[in-house]
Amino acid sequence: MADPKGFLKHGREVAERRPVEERVHDWDEVYPGGMGRALLPIITTQAGRCMDCGIPFCHQGCPLGNIIPEWNDLVWRDDWEGAIERLHATNNFPEFTGRLCPAPCETACVLGIPGDTYGGPVTIKNVEVTIIDKAWESGFVRPQPPEWLSGRTVAVVGSGPAGLAAAQQLTRAGHTVAVYERADKIGGLLRYGIPEFKMEKKHLDRRLDQMRREGTVFRAGVSVGDELTAESLRDRYDAVVLAMGATAPRDLPITGRELGGIHQAMDFLPQSNRASLGEPVEGQVLATGKDVVIIGGGDTGADCLGTATRQGARSITQLEILPEPPSDRPEGQPWPTYPMTFRVSSAHEEAGDRVYSVSTQEFLGDESDNVRALRLVEVAFADGRFEEVEGTEREIPAQLVLFAMGFLGPEKPGLVEQLGVDLDERGNIARDASYMTSVPGVFVAGDAGRGQSLIVWAIAEGRAAASAVDQYLTGSTTLPYPVRPTDRPLVV
Ligand SMILES: Cc1cc2nc3c(=O)[nH]c(=O)nc-3n(C[C@H](O)[C@H](O)[C@H](O)COP(=O)(O)OP(=O)(O)OC[C@H]3O[C@@H](n4cnc5c(N)ncnc54)[C@H](O)[C@@H]3O)c2cc1C
Ligand code: SF4
């Protein structure tokens with residue numbers, strides 16, 4: 001156990017972010033010097049708050065099965081090399097989850113039981129990111145190439161967190177792994193979805209360098225199903241892992257949808273990510289000087305908000321059809337479940353208005369057929385559906401509208417159709433208990449099989465699918481299998 005009285009002596013403390021007026025003028029992470037460094041002065045005390053519970057409920061919240069009390073203890077004892085070893089035992093990429101995870105482990109922490117007098121859950125995610133950032137700085141993260149090669153080959157399609165986790169596990173198990181990615185650079189949503197201010201890409205590049213040194217081969221700029229057909233992929237490789245994400249976006253086909261200035265978030269964010277790193281972007285969609293309306297809350301909406309702020313939008317409004325959530329855990333969502341509460345991301349601290357319980361009725365155009373406003377109406381939830389509240393219609397100005405309403409599963413034309421894999425009732429790629437699709441030797445991991453989810457689930461699925469592929473190729477495996485395809489988050 002870390003400090004036996006730590007939780008009695010110290011409350012929960014998080015690192016200060018950089019001042020808003022400073023950080024909105026650059027694209028760097030919002031913590032001074034990066035997250036791990038900003039946390040260093042307080043993290044030993046914070047790790048010392050962990051009670052090493054007899055039943056560590058933090059484990060229930062995390063699909064990776066992170067051995068949280070053990071690394072809290074090691075940090076408190078100043079054994080950073082031991083801590084990263086324990087952390088890497090269950091998580092290939094703690095620098096991603098430590099920065100980006102909504103931390104269901106923390107809402108499940110015993111110190112977070114409502115009404116307790118001990119100052120709130122352990123800052124597990126902050127301990128995690130400090131361990132990995134310090135490990136990189138101290139040279140504790142080294143390539144782990146396999147000692148022997150199996151002679152088996154695996155193609156991974158998609159280079160997001162699921163594909164990368166599967167690839168790293170399989171490469172280290174001795175298989176020859178190639179990761180195919182249709183974008184020009186490797187990383188999936190970590191590269192082109194998540195903005196620099198949430199995670200600087202240097203963290204991704206450093207990890208990819210480690211993977212290359214271990215032997216994973218990356219093939220960026222190859223859209224499987226186009227220039228490389230599904231048939232030739234199956235001919236060339238002993239097994240295939242589909243980790244192609246849930247990239248089909250939800251649309252809003254209402255009057256005025258065809259007007260200029262209305263875009264999907266994933267048309268806007270990748271361009272901005274490129275531009276913020278100094279890459280030329282032709283015809284970039286910009287928020288500069290505009291009234292911006294973002295339709296949809298959630299991570300994607302918050303990323304659009306922070307990006308529009310940095311581009312110098314005149315005003316930003318984020319619309320949400322659901323009512324404003326309460327700031328405290330609602331009774332119907334008891335500990336240790338992950339509650340729907342009012343959360344303030346770094347982007348929300350910086351700018352923008354959030355408007356709840358509204359639905360968009362139509363987009364209104366100007367004489368050049370560009371959007372100039374949208375008409376919205378308040379809604380109330382009754383009899384299992386949203387109903388418009390009469391007399392509450394109003395117009396709000398908008399020269400740029402961004403859709404952040406979620407995703408409908410993997411894209412079907414191309415690879416999915418060529419392979420002929422079965423889909424489940426939600427349009428995701430169906431799989432059995434070993435992550436295998438209806439096509440023998442073809443597996444699926446991450447959002448492509450689970451539907452739109454989180455990085456932590458993608459990594460967990462990538463690890464589990466790798467275990468199943470190893471079993472398929474060699475008849476046995478020692479790779480971990482942290483989650484079943486049917487496992488679900490701890491929510492009500
Ligand atoms: C804007 C945004 C912000 C987010 N922020 C967070 C966050 O802060 N925290 C969090 O936990 N989750 C967040 N999420 C969700 C998270 O990013 C995803 O759940 C996660 O990335 C899914 O990982 P994946 O590996 O399954 O797929 P992805 O990361 O989507 O990667 C799939 C990759 O496959 C490639 N691909 C698709 N088809 C082909 C093909 N035919 N050939 C070759 N390549 C192909 C795609 O180009 C893509 O790069 C966010 C999502 C979005 C959209
Ligand atoms: S539930 Fe909280 S206090 Fe208990 S072991 Fe996990 S992190 Fe530590």
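A residue counts as buried if 20 or more other C-beta atoms lie within 10 Å of its own, as exposed if 12 or fewer do, and as partly exposed in between. This cut-off serves several stops of the tour, which is made through a predicted model.

**Stop 1: Tyr472**

Select Tyr472, a residue of helix α19. Its C-beta has 19 others within 10 Å, so Tyr472 is partly exposed. Now add Glu22 to the selection: 450 residues separate Tyr472 from Glu22 in sequence, and the C-alpha to C-alpha distance between them is 53 Å.

**Stop 2: the sheet containing β1**

Select strands β3, β2, β1, β4 and β14. In that order they make up an open sheet of five strands with parallel pairing. Each of β3 (217-220) and β14 (442-444) has a single partner strand and stands at an edge, which is why one side of each is left without a neighbour in the sheet. From one strand to the next, the twist averages 20°.

Within this sheet, narrow the selection to β1 (residues 153-157) and β4 (residues 239-242), which run parallel and are joined by four bridges. Val156 has Val241 as its bridge partner in β4.

Next, show helix α10 (residues 161-172). This helix lies across β1, β2 (176-181) and β4, and runs at about 165° to β2.

**Stop 3: Val156 and the nonpolar core**

Which residues does Val156 touch, not counting residues up to four places away in sequence? They are Gly163, Ala166, Ala167, Val177, Val179, Tyr180, Val241 and Ala243.

Widen the view to the largest nonpolar core, which has 133 residues. The residues with the most contacts inside this core are Val156, Ala166, Val241, Leu242 and Phe443. Helix α19 (residues 455-474) gives the most to the core, contributing twelve residues. In soluble globular proteins, nonpolar side chains tend to be buried together.

**Stop 4: α6 against α9**

Select helix α6 (residues 80-88) and helix α9 (residues 124-138). Their axes come within 9 Å and cross at roughly 115°. The crossing is left-handed. On the α6 side, the contact is made by Trp80, Ala83, Ile84 and Leu87; on the α9 side, Glu128, Ile131, Ile132, Lys134, Ala135 and Ser138 take part. By class, the residues in contact are seven nonpolar, one polar and two charged.

Move from α6 to the loop between α5 (68-76) and α6, where Asp78 lies. Asp78 is not a glycine, yet its phi is positive, at about 70°. Is this residue buried or exposed? Asp78 counts as exposed because it has 9 C-beta neighbours inside 10 Å.

**Stop 5: the sheet containing β6**

Select β5, β13, β6, β7 and β8, which form an open sheet of five strands in that order, with parallel pairing. At the edges are β5 (262-264) and β8, each of which pairs on one side only. The average twist from one strand to the next is 20°.

Within the sheet, four bridges connect β6 (residues 291-295) with β13 (residues 400-403), and the two strands run parallel. Here Val292 stands opposite Leu400 of β13.

Two helices can be added to the display. Helix α14 (residues 265-276) lies across β5 and β13 and runs at about 75° to β5. Helix α15 (residues 298-311) packs on the sheet and touches β6, β7 and β13; its direction makes about 175° with that of β7.

**Stop 6: the loop with Pro336**

Follow the chain into the loop between β7 (315-319) and α16 (346-350), which holds Pro336. The peptide bond from Trp335 to Pro336 is cis, with omega near 5°.

**Stop 7: Ser357 and the β9-β10 hairpin**

Select Ser357, in the loop between β8 (353-355) and β9 (358-365). Its phi is near 55°, a positive value in a residue other than glycine. Ser357 has 18 C-beta neighbours inside 10 Å and therefore counts as partly exposed.

Finally, select β9 together with β10 (residues 371-382). The two strands pair in the antiparallel sense over seven bridges, and Phe363 has Leu374 as its bridge partner in β10. β9 and β10 form a hairpin with five residues between them. In the turn, Asp369 has a positive phi of about 65°.

How values were computed. Residues numbered from 1 in each chain as written. Chains lettered and ligands numbered in written order. Predicted model: local features only at pLDDT ≥ 70, side-chain atom pairs only at ≥ 80, totals over all residues. Pairing = 2+ DSSP bridges. Axes fitted to C-alpha atoms, helices over the stretch in contact; angles between N-to-C directions. Contact = placed C-beta atoms within 7 Å. Core = buried A, V, L, I, M, F, W, Y, C linked by C-beta atoms within 7 Å. Left-handed = near helix turned anticlockwise from the far one by under 90°. Nonpolar A, V, L, I, M, F, W, Y, C, P; charged D, E, K, R; others polar.
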